[in-house]
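Hello,

Here is the structure we spoke about, for you to look over. My notes on it follow below.

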Amino acid sequence: MDEDDRHDLELHRLVSARERSAFDELYRRYGRSAYGVALRVTSQDLIAQEVVQDAFLALWRAPEAFDPARGAFRSFFLSLVHHRAVDAVRREERLRRRTERAANLEPATGEDPAEDVVEDAYLRVRRKEVRAALATLPPAQQQVLEMAYFEGRTQVRIAEELGIPIGTVKTRTLAAMRKLREALREE
Amino acid sequence: MTEDHERIDELLAGYVLLSLSGEDAAEADRILVDHVPSCATCRATLSEFQAVSGDLALAAPPVDPPETLLPRLHHAMDEVPLSGRPPRRGALIAVAASAVALVAMGGLSVVLGNRLSNAETRTGTALEILSAVRSGAAPVNVTPQGQTPPESGMVEVSAPDVRRLYIASEFCPEPAPGHAYQLWLGSDGDWTPVWRMFWPDEGVLLLEIEVDVARYDQIWITQEAVGQRPTEPNTDGPSWLGSLT
């Protein structure tokens, strides 16, 4: 566990003790990443705001939902945001088909889109590591991961949309997750 | 039972990405309850895949949230009850307008929990409920059990397609600190937890459930400790029981 993870743990402990300043500090650390992924998944700023608000409120209401024995706070919280974003977009889809994704939400290519946003150095470093790891995946694996994670597609739907057997989707997904696990493994 | 770990790894990868549905999701649910807790290898795999899933969020460009979001959060935090709060009254349309929703897709398998997110969605859900009622759906009582406040009774309404149910309450008490509510689907006395826990919003609760009524015949809502995955309904706290019709 590195220094930043330990700092998160301390902030989480203080949030559990109802310290608002610690809550605000976690918001400062993770608000941009949370809003970024929520926007990326939902493509709608109002829904993304609701997702982020709900995730932080859930943290405030039930901080004990995070178990430090199960991994880093960062992973726990960003997973929570992602889950809520996928939930929201699937619900929206049932009521109406999404329209075009906003152009400024498309995945960045080349330049790091984080450069205009002030964030903690460790998150910036981790962000580059994640993107570098993703870039090493074969395009077919990147594609299924993108559709599942950022578009909230089920494996069945991915298979339908790509016209490939669902077994292939499963195989590619597992291969991608295993490669990312190795590339991103933290000491 | 001997498990195929390659198959389990496939399921766990799909599970952490929220991309399972149908039988795969049901199988993942079973493995998560029956196998993973007792298998160190699978526990490690699940933990590692969850870490990857969390970090994948960083692949999205970070974006500054609106400056109004943190003040809104502070306001909402002030409103969050840490213990019981008197319920308020309201019409069904108001229930939907400020509800907490929980959706279970494909029987018990994949669960999507979300707070209804905007006025359009809330209105849409309210209209779906009204449409179901107008189509002749008869409300069914979901009855408070034991010492559960009798005024907290819930109402269950089936959508015309039968598979979709709405469960609404205007007077749902806040769970005890550190607890939340859990929905269970029952069949012949066997209870299966629907994955994600939930809270009422100032006494108001709305659950939307897509469920295979051929597989389940009862629902049970119980109070459970947050952060744990219950395997049996908790009979000590407040709970509500209803039939699937």
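What kind of contact do the side chains of A:Arg29 and A:Asp4 make? They meet in a salt bridge, at 3.8 Å from N to O. Please bear in mind that this is a predicted model.

Salt bridges

The A:Arg29 and A:Asp4 pair ties together distant parts of the chain, 25 residues apart: A:Arg29 sits in helix H2 of chain A and A:Asp4 in helix H1 (residues 3-16) of chain A. A:Arg29 is buried at 4% relative accessible area, while A:Asp4, at 24%, is partly exposed.

Helix H2 of chain A also holds a local pair. A:Arg28 forms a salt bridge with A:Glu25, with 3.0 Å between the closest N and O atoms. These two are three residues apart in the helix, so about one helical turn separates them. Both are partly exposed, A:Arg28 with a relative accessible area of 36% and A:Glu25 with 22%.

A further salt bridge joins the side chains of B:Glu6 and A:Arg178 (3.0 Å, N to O). This pair crosses between chains, from helix H1 (residues 5-16) of chain B to helix H8 (residues 166-184) of chain A. B:Glu6 is partly exposed at 43% relative accessibility, as is A:Arg178 with a relative accessible area of 24%.

There is also a network of salt bridges linking A:Asp5, A:Arg74, A:Arg126, A:Glu129 and B:Asp55. Over all chains the count is 26 salt bridges.

Helix H5 of chain A

A:Arg126 of that network is one of the buried residues of H5(A), which also include A:Tyr122, A:Leu123, A:Val130 and A:Leu134. Seen down the helix axis, the buried residues fall within an arc of 165°, so they line one face. A:Lys128 and A:Ala135, on the other side, are exposed. The helix covers residues 121-135, and its end C-alpha atoms are 21 Å apart, which agrees with the 21 Å expected for 15 residues at 1.5 Å a residue.

Nonpolar cores

The largest nonpolar core has 82 residues, and A:Phe56, A:Phe77, A:Leu145 and A:Leu180 have the most contacts inside it. Helix H2 (residues 20-42) of chain A gives the most to this core, 11 residues. Another core lies apart from it, with 18 residues, B:Met154 and B:Ile221 among them.

Strands in chain B

B:Met154 is also the bridge partner of B:Val142, in S4(B). Strands S3 (residues 140-144) and S4 (residues 154-158) of chain B pair antiparallel over three bridges. S3(B) is also joined by two bridges to S10 (residues 239-243) of chain B, again antiparallel, with B:Pro144 opposite B:Trp240.

Regards

Note on methods
Residues are numbered from 1 along each chain as its sequence is written. Chains are lettered from A and ligands numbered from 1 in the order in which they are written. This is a predicted model: local features need pLDDT of at least 70, side-chain atom pairs count only at pLDDT 80 or more; totals for chains, interfaces and linings use all residues. Side-chain values use heavy atoms; hydrogens and water are left out. Two strands pair if DSSP finds at least two bridges between them. Helices (H or I, at least four residues) and strands (E, at least two) are DSSP runs, numbered from the N terminus. A nonpolar core is a set of buried Ala, Val, Leu, Ile, Met, Phe, Trp, Tyr and Cys residues joined through side-chain atoms within 4.5 Å. Buried means under 20% relative accessible area, exposed over 50%, partly exposed in between (1.4 Å probe, protein chains only). The expected span of a helix is 1.5 Å times one less than its number of residues. The arc is that of the directions from the helix axis to the C-beta atoms. A salt bridge is a side-chain nitrogen of Lys or Arg within 4 Å of a carboxyl oxygen of Asp or Glu.
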